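Me: I have a model to study and would like to go through it by question and answer. Could you take me through its strands, helices and loops?

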Amino acid sequence: MPEAQIPVGTHPALAATARAAARAYGGARGRYTRLELREEVALGADGTPTMRVDRIVEDAILEACAEVGVNLLSEEAGFVDNGSAATLCIDPVDGSANAALGVPLSCYAGALVLDSEPVEALTVWFDTGRAWGARVGEAAAFRTTGRTSLDGASVCLLRPKRGTEEAWMRVANRADRIRVLCTTCLETAFVAEGSVDAFADPGSDTHRLMDLIAALVTVPAAGGVLLDLRGRPLEFDLDLSRRWSGIAAATPELGDELISAILG
């Protein structure tokens, strides 16, 4: 794996955990077969199965958090209290199935949380080393496309799930391009940098906090919006049973159009 291209000035805890994650993922790819990496080895704190690739990368992040002295909230380990006022909320491997099978679309994504508020975020694309960093209240170096209309837009969607098929098709029939990449954190980073206009979960309530918290910082810093389909607040919470249907869009207008199209 290439070295992670961490932006200058990134908080040391985010930088250290991202580098540890990238190294661990690269090492796992060299040591295990695809089927071994995909094997479910535990049940995560969020109630979903943990693949071996998730466990390997999260173990490296746990060690890095202990070394730099910050707490951790992760989908596999849950909340780990290292006695700090700062907590990292991290998805160790977003796009786990892609990562396990060698599809080059997976990433580390995390946010630094102080007093229950995310203040800085970092996303690192494992297979390229590219990284997107942002801070609350500061304009990012990258910008969204600025598109305001769903008609003709380029949209990433979660794959259709039972009960969301009609909503999925309402979006697809208005957009110019639809992509299903199976990695929410990367897809929202692509919205932030203007590679696509929007990303949406069309109502499946799939997203956990760590799927969206980096985008909660990064997308607004680039001029876009991050919303929940049903208007639920996106907020830091140790309760990993909470779910959202995330919408990332280049502009508030596009976000509103996506929500209207999905809800019919």
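Me: In what order do the strands of the five-stranded open sheet run?
Reply: Keep in mind that this is a predicted model. The sheet is open and its pairing is mixed. The order is β10-β9-β11-β13-β12.

Me: Which are the edge strands of this sheet?
Reply: An edge strand here pairs on one side only. That holds for two strands, residues 177–179 and residues 225–228. They are β10 and β12.

Me: By what angle are neighbouring strands of this sheet turned against each other on average?
Reply: Direction is ignored for this value. The average turn between neighbouring strands is 20°.

Me: Which strands of the sheet does helix α8 touch?
Reply: Helix α8 covers residues 252–263 and packs on the sheet. Its direction makes about 140° with that of β13. The strands touched are β11, β12 and β13.

Me: Do β9 and β10 pair in the parallel or the antiparallel sense?
Reply: Strands of a sheet pair through backbone hydrogen bonds, in one sense or the other. Three bridges link β9, residues 154–157, with β10. Ser 154 faces Arg 177, and Cys 156 faces Arg 179. The sense is parallel.

Me: Are the residues on the two faces of β9 buried or exposed?
Reply: Side chains in a regular strand alternate between the two faces of the sheet. In β9, Ser 154 and Cys 156 lie on one side, with Val 155 and Leu 157 on the other. Both faces are covered, and these four residues are all buried.

Me: How many residues of β5 are buried?
Reply: Strand β5 spans residues 86–94 and is mostly covered. The number of buried residues is nine of nine.

Me: Which strand pairs with β5 in the antiparallel sense?
Reply: β3, residues 71–74, runs parallel to β5 and is joined to it by four bridges. There, Asn 71 stands opposite Thr 87. Seven bridges form the antiparallel pairing, which involves residues 107–114, and Asp 91 has Ala 109 as its bridge partner. The antiparallel partner is β6.

Me: Which residue in the turn of the β6 and β7 hairpin has a positive phi?
Reply: Seven of the eight residues of β6 are buried. Eight bridges join β6 to β7, and the two run antiparallel; one bridge pairs Val 113 with Pro 118. Two residues lie between the strands, and one has a phi of about 50°. That residue is Asp 115.

Me: Why does Thr 123 count as buried?
Reply: Thr 123 sits in β7, residues 117–125. Beyond its neighbours within four places in sequence, its contacts include Tyr 108, Arg 130, Trp 132 and Cys 185. Buried means under 20% relative accessible area. Thr 123 counts as buried because its relative accessibility is 3%.

Me: How far apart are the end C-alpha atoms of helix α1?
Reply: Helix α1 has 20 residues, from 12–31. At 1.5 Å a residue, the expected span is 28 Å, so the model agrees with it: the ends are apart by 28 Å.

Me: What do the buried residues of α1 pack against?
Reply: Buried residues of α1 include Leu 14, Thr 17, Ala 21 and Tyr 25. Their packing partners are both helices and strands. They are α2, α3, β5, α4, β6 and β7.

Me: What is the angle between helices α6 and α7, and how far apart are their axes?
Reply: Two packed helices are described by an angle and a distance between their axes. Here α6 is residues 184–193 and α7 is residues 209–221. The angle is about 10° and the axes are 9 Å apart. That makes α6 and α7 roughly parallel.

Me: How do the residues of the contact of α6 with α7 divide?
Reply: Among the α6 residues in the contact are Thr 184 and Cys 185, and among those of α7 are Met 210 and Asp 211. The division is six nonpolar, three polar and one charged.

Me: Where does Cys 182 lie?
Reply: Cys 182 has a positive phi near 60° and is not a glycine. Its relative accessible area is 45%, so it is partly exposed. Cys 182 lies in the loop between β10 and α6.

Me: What is the relative accessible area of Asp 205?
Reply: Asp 205 is in the loop between β11 and α7. Its phi is positive too, near 55°. Asp 205 is partly exposed, at 25%.

Note on methods: Residues numbered from 1 in each chain as written. Predicted model: local features only at pLDDT ≥ 70, side-chain atom pairs only at ≥ 80, totals over all residues. Heavy atoms only, no water. Buried < 20%, exposed > 50% of the residue type's maximum accessible area, 1.4 Å probe, protein only. Pairing = 2+ DSSP bridges. Contact = heavy atoms within 4.5 Å. Axes fitted to C-alpha atoms, helices over the stretch in contact; angles between N-to-C directions. Parallel < 35°, antiparallel > 145°, perpendicular 65-115°, else oblique. Nonpolar A, V, L, I, M, F, W, Y, C, P; charged D, E, K, R; others polar. Expected span 1.5 Å × (residues − 1).
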